[in-house]
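Please open the coordinates in a viewer and keep the selection panel at hand. The tour below proceeds from one selection to the next.

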Amino acid sequence: MASTPVDAVVRLDEFVVVGHRFYATLVVASVDALVAALRAGDDRAAALSGAALLAGGGQGDLSALTANRDLCVIAVPEPEPELLYARLVALLASDRAAEDRLVTTGTKVLTQVARRGGAEAVVAELAHRIDGWAVLLDAHGQVITTAAAGGLHVKDAVAVAFNRPVRVRHPGLQVHPVGSGEDLSAYLVVSSREHSTSYSRDLASQAAALLDLKLRSHDHSVTERLGRETMVATLLTGGPAASALLRRWGVHESTLTGFVLTSRSKSVDLERIVLRWFDEIGAVHVLAEDRGRIMGFIKTDKADELVARAESFLDEARIALRLGLGSPAPTDGLARTAAEARQAHEIAVADARTAVHYQAMPTVSYVLDRLDGVDGNRLAAVLDPLRDDSTGTHGELTRTLKIFLAEHGAWGTTASRLKVHRQTLANRIRRIEELTALSMSNPDDRAAAWLALRALER
C-alpha cells in the first residue's frame, strides 16, 4: 500500500467502494467516526478494508479496533478532518495537473510520430514513453507490430486481450481496444514498469485512438507499392524482360546502381522519404520496401545525391540512416549490384557509417572478386553445417551469425535485432561454434565466417 499511487480522496460519509484495485482511495474522518463505521459490520465496513484510512486527532480507540484486522490506517496529527481533506484534495489536484501535462505532451509527440511512421512508429514511441513494452494485435489475435520486449510477450498479450485461460506472467497488463463494437479493428496491449500509474493508462488510450485512425486510413499508394515490389522482383531475376520493364517504367539507362537503405529508428516512414528524395533529384521510383529495408536501383550519376541526402538527414532529423551502394551493373543483370549493395549496407551497419560504397571495400571485394565459382563455393561451404537438416537451406543459425558479426559481437544489440533473449542468442552462438568448429572469440575465425557469408550472397 505504501507505494500505491492515490486515485481519490473522499470523506467517510461519501465513501462507497474502492474505485480501482491498482490505486489507493484515501478515506478521511475523525477517529471516532472511523471506529463507528468499522464496528457497524455492514458492506461499507467491509469495503473500508481496501482503502487507506486517514484519522485525524488521537488514535487510542482506533489502534485497539484495528489490531487484528488487515487495514491500512494512517494517524495524522490534524485535529480537523475537514482541513486534512482540503489539503489532500489540493495535493492530488496538483499531482494530476502535472500528470495531465505529461500526457498532453506525450500525445503531441505520438501524433507527430504517427504522421512520419504510421502505426509501427506510434507503438514504438508509446513503449519508450511508458518505459515498458507494447503489442498491437489485430481483431483476430494476429500480431501487427511489437515494440521493446513486446515480441517476447505476445502469448501473454493475446491471452489477456481475448480473456483466454492462460496464466499471464504480467498482472499489470493493460488492454486498450482500438475502435469499438463492430468497428473494433485491433487491441493495444501495454506493460509499464509503472503500470499502476494513470499516466501509462491515459497515454496508451490516446495511442489507441491514433492507431484507430491510422489503421482505418485508406492508403491510395498500395497499388503503386505492389507494382514497385513486382518490378523489383522482376529486375532481380534479370534478362531481357527486366530491361523491357524498365523502359516501360521510364528508365532508359543501360546501367543502374543498386542500393539498400535502413533507418536506426522505427519512427520514420523511410519509403515515403526516399520517394520524395527521388522526386527531388529527378529519379524514377525503382525501389521497394521489405520489413523496414528499402532496396532499389538508381541512375549511377544520381547515387552521390542519394548519399548526400542520407547524410544530411542525420543533421536535420537527428536520426541515423545506413546506406549501402553497389557498383554499376547492366539493366538485364541487376542482381549483382543488389547483392553488392546488401554487403555494403552490412558494413555500414557494422561500422556505424551513413553510407558505404561496395567499390570502397578493398578487402572484401578484392578477395571475392578474384575467386572463381569453385573457390567461392569452397569458401561458402564453411557454413554448410548450419543448413537446415530437413530443407538443406540456410536459416535461423546463419541469420544469427550474420547479425552477430555485423554488430561486432555486441550481445545486447544482436539479441534486440533478432528479438530473442540474450541466453537464447548465447545458445545459438554456442551451437554455431560446435557445428562449424569456428570460435567467435578468434579474429581469424570471425573473418573466415564473414567471408563465407559474403560468398553465400554472390
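Two strands are taken to pair if DSSP finds at least two bridges between them. The model shown here is predicted.

**First selection: strand β11**

Select residues 293–298, which form strand β11. This strand is mostly covered, as 5 of its 6 residues are buried.

**Next selection: strand β9**

Add residues 255–263, the extent of strand β9. Strands β9 and β11 run antiparallel and are joined by 5 bridges. To see one position of this pairing, display Thr257, which stands opposite Ile298 of β11.

**Next selection: strand β10**

Now bring in residues 287–290, strand β10. Its pairing with β11 is also antiparallel and comprises 4 bridges. Which residue of β11 is the bridge partner of Leu287? Display Gly296, for that residue is the partner in question. Then turn to the connection in the hairpin of β10 and β11, where 2 residues lie between the strands. In this hairpin, Arg291 adopts a positive phi near 50°.

**Last selection: Gln174**

Move to strand β7, residues 174–178, which contains Gln174. Is Gln174 buried or exposed? Its relative accessible area is 12%, and buried means under 20%; Gln174 is therefore buried. Show the side chains around this residue to inspect two polar contacts. In one, the side chain of Gln174 meets the side chain of His176 at 3.0 Å. In the other, the side chains of Gln174 and Ser200 are joined at 3.1 Å.

Definitions and conventions:
Residues are numbered from 1 along each chain as its sequence is written. This is a predicted model: local features need pLDDT of at least 70, side-chain atom pairs count only at pLDDT 80 or more; totals for chains, interfaces and linings use all residues. Side-chain values use heavy atoms; hydrogens and water are left out. Buried means under 20% relative accessible area, exposed over 50%, partly exposed in between (1.4 Å probe, protein chains only). A polar contact is a pair of N or O atoms within 3.5 Å; within protein, one must be able to donate a hydrogen and the other to accept it, and residues adjacent in sequence count only if both atoms are side-chain atoms.
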